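Colleague: I am new to this structure. Please take one part and look at it closely, then set it in the whole.

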Amino acid sequence: MTLMEQLSAYVPYNEQEARDRALLLECLRREPEVLTRQNPLAHFTASAWIVNPARTRVLMAYHNIYHSWSWLGGHADGESDLLAVALREAREESGIRSARPVSEDIFSLEALTVDGHEKRGAYVSSHLHLNVTYLLEADEEEALTVKPDENSGVRWFTLEESETAPSEAWFCARVYRKLNRKLRAMAEPERAR
C-alpha cells in the first residue's frame with residue numbers, strides 16, 4: 001500500500017487526528033519534495049512508540065535539541081516506507097535491535113510544529129513535521145545506547161511516567177497521553193477474552 005493509501009485508510013482516533021490526517025494528505029498531494037527536508041515548510045517524519053511485551057513501559061530518549069524526554073523517530077529523507085523509517089530511527093537512537101512492529105498499520109498521526117533551532121552549526125527555520133507513528137515492541141532487558149549527536153539518554157518509563165517526564169507540556173497532553181490511551185484500549189479486548 002502506498003503512503004497515500006495508508007493515510008486514506010487510517011481511521012482517526014479523535015478530532016486532532018482527523019484534522020491532521022487531512023493536512024498530511026493535502027501536503028502529500030500538493031507540496032513538492034514533502035518526503036525530504038528539501039521542503040522547508042513541512043516534511044514527513046516517522047515516530048515509534050516503543051513498548052515492552054507486557055505493554056506497561058515505554059522507551060524514550062532525552063532529545064538534545066528539545067531538552068526533553070521524547071519518543072524516538074526521525075525524518076523520512078525520501079523514504080515513503082515510514083514503518084521502515086520508524087524502525088531504523090528506533091534502532092539508531094537507542095541501540096535496541098529487538099524492536100519489531102506490533103502491527104504494520106499506522107498507530108497515530110500528528111502535525112507537529114518545530115521551532116527554529118540550530119542543528120550541526122546551521123540554523124533550521126520553524127516548520128511542520130507531518131508525523132506518522134507506529135507501535136513497536138522491544139525487549140526491555142536489551143542493552144541501550146545513546147546517539148550522542150541526537151540524545152543524551154535512553155531509558156524505559158512506566159506509561160504514567162511517559163506522560164510526565166517530558167518537559168514539553170503540549171506533547172505530554174496531546175500526544176503521549178493519547179498514545180497511552182490507545183495502547184490501553186488495545187488491551188481491553190484481550191482482557192475480556
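Modeller: Here is a close look at Ala9, followed by the protein around it.

The model is predicted: local features need pLDDT of at least 70, side-chain atom pairs count only at pLDDT 80 or more, and totals for chains, interfaces and linings use all residues. Residues are numbered from 1 along each chain as its sequence is written, and side-chain values use heavy atoms, without hydrogens and water.

Start with Ala9. Ala9 sits in helix α1, which covers residues 3-9. Helices are DSSP runs (H or I, at least four residues), and strands are runs of E of at least two; both are numbered from the N terminus. Is Ala9 buried or exposed? Ala9 is exposed, because its relative accessible area is 52%. Exposed means over 50%, buried under 20%, and partly exposed in between, with a 1.4 Å probe and protein chains only.

Now look across the sequence. Ile106 lies 97 residues from Ala9, yet their C-alpha atoms are 9.6 Å apart. Contacts can be counted for the whole protein too. Contact means heavy atoms within 4.5 Å. Among contacts with a separation of 6 or more, 70% join residues 24 or more positions apart.

Step back to the whole. The protein has five helices and 10 strands. Of its 193 residues, 47% count as buried. Its C-alpha atoms fill a box of roughly 45 × 40 × 30 Å along the principal axes. The exposed area is about 9,600 Å², and carbon and sulfur atoms supply 51% of it. These areas come from the Shrake-Rupley method with a 1.4 Å probe; for residues, only the protein chains shown count as cover.
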